[in-house]
Amino acid sequence: AIQATIQRHEQTLATFHHLNCSLRDEDYTPPNSPNCSELGKRAPTPIREKEVTLCMKCQEPFNSITKRRHHCKACGQVVCGKCSEFRARLLYDNNRANRVCIDCYTTLKQASVAAENSVLCSFLHHMEKGAGRGWQKAWFVIPENEPLVLYIYGAPQDVKAQRSVPLIGFEVSLPDSCDRLERRFAFKISQSHLTLYFSADGEELQRRWIEVLSRAGRGEELQAHGSITEALEEEGEETATSGENT
Ligand SMILES: [Zn+2]
Ligand SMILES: [Zn+2]
């Protein structure tokens, strides 16, 4: 029965989720709670639940017996049991399963589906040389079925990419000091007049992207490495076999 409910919810939410997401960022999220792209990566700021009299999802009034308050561990909203009968693994809690609301469940699930179908995907900051815009955060995917193209999405749950970059011919390198980048773990890809800068959240992620982008730039089809989490778990194995590439 739960499975059926989830599916029904997902069908309904799939259409409206993007809208929900932007609304939630502006109006409904408690201060300092994670936005869509940070969901599950850090703990939400708890709302004082006594101040909340209605479930923040279904709007039904709470009472102490049949309609009790629960916190969504991803967005921090105070919701009823029925609106939070879902569990999702949250990065900030060592990937342990936590109670989350239906919206967060959908968002997180879509992100993990994306990870399963990609050679590599993650958030990165990016900036185009000479475009006059500063660093922007986006969700980057190299799909398994199109391993030579980099897709840039606003968020993991977005259906349409903002931009796609065919990678063949691009050179991957670390930024020069004259690039004057202010972010750590940066790297760049360039081809004729186009240079794109990227900045990862950590050294391991930077290394994975450089490796995958370099191979795609040479036109080599890549083997799927799955999500970053898997990549990190495979680390020992990777190091053992990396000799043959050099
Ligand atoms: Zn509810
Ligand atoms: Zn939530």
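**Two zinc sites in a predicted model**

Around the zinc ion (ligand 2), the 4 donor atoms subtend angles of 104 to 121 degrees, which makes the arrangement tetrahedral. The model in which this site appears is predicted. The criterion behind the assignment is that four donors count as tetrahedral if all angles lie between 85 and 135 degrees. For reference, the ideal angle for four tetrahedral donors is 109.5 degrees.

The protein donors of this zinc ion (ligand 2) are the SG atoms of Cys72, Cys75, Cys101 and Cys104, lying 2.3 Å from the metal. Along the chain, these donors follow the spacing C-x2-C-x25-C-x2-C. Cysteine 72 belongs to the loop between β1 (70-71) and β2 (78-79), while cysteine 101 belongs to the loop between β4 (96-100) and α2 (102-116), so the pair ties together parts that are 29 residues apart in sequence. Cysteine 72 is buried, with a relative accessible area of 1%, and cysteine 101 is likewise buried, at 0%.

The zinc ion (ligand 1) takes its protein donors from Cys55, Cys58, Cys80 and Cys83, whose SG atoms lie 2.3 Å from the ion. The spacing of these donors along the chain is C-x2-C-x21-C-x2-C. Here the 4 donor atoms subtend angles of 101 to 118 degrees, and the arrangement is therefore tetrahedral.

Two donors of the zinc ion (ligand 1) may be considered for their exposure. Cysteine 55 counts as buried, because its relative accessibility is 0% and the cut-off for a buried residue is under 20%. Cysteine 58, by contrast, is partly exposed, with a relative accessible area of 29%.

Technical notes:
Residues numbered from 1 in each chain as written. Chains lettered and ligands numbered in written order. Predicted model: local features only at pLDDT ≥ 70, side-chain atom pairs only at ≥ 80, totals over all residues. Heavy atoms only, no water. Donors = N, O, S within 2.8 Å, 3.2 Å for Na, K, Ca; no water. Tetrahedral: all angles 85-135°; square planar, octahedral: opposite > 155°, others 65-115°. Helix = DSSP H or I, 4+ residues; strand = E, 2+ residues; numbered from the N terminus. Buried < 20%, exposed > 50% of the residue type's maximum accessible area, 1.4 Å probe, protein only.
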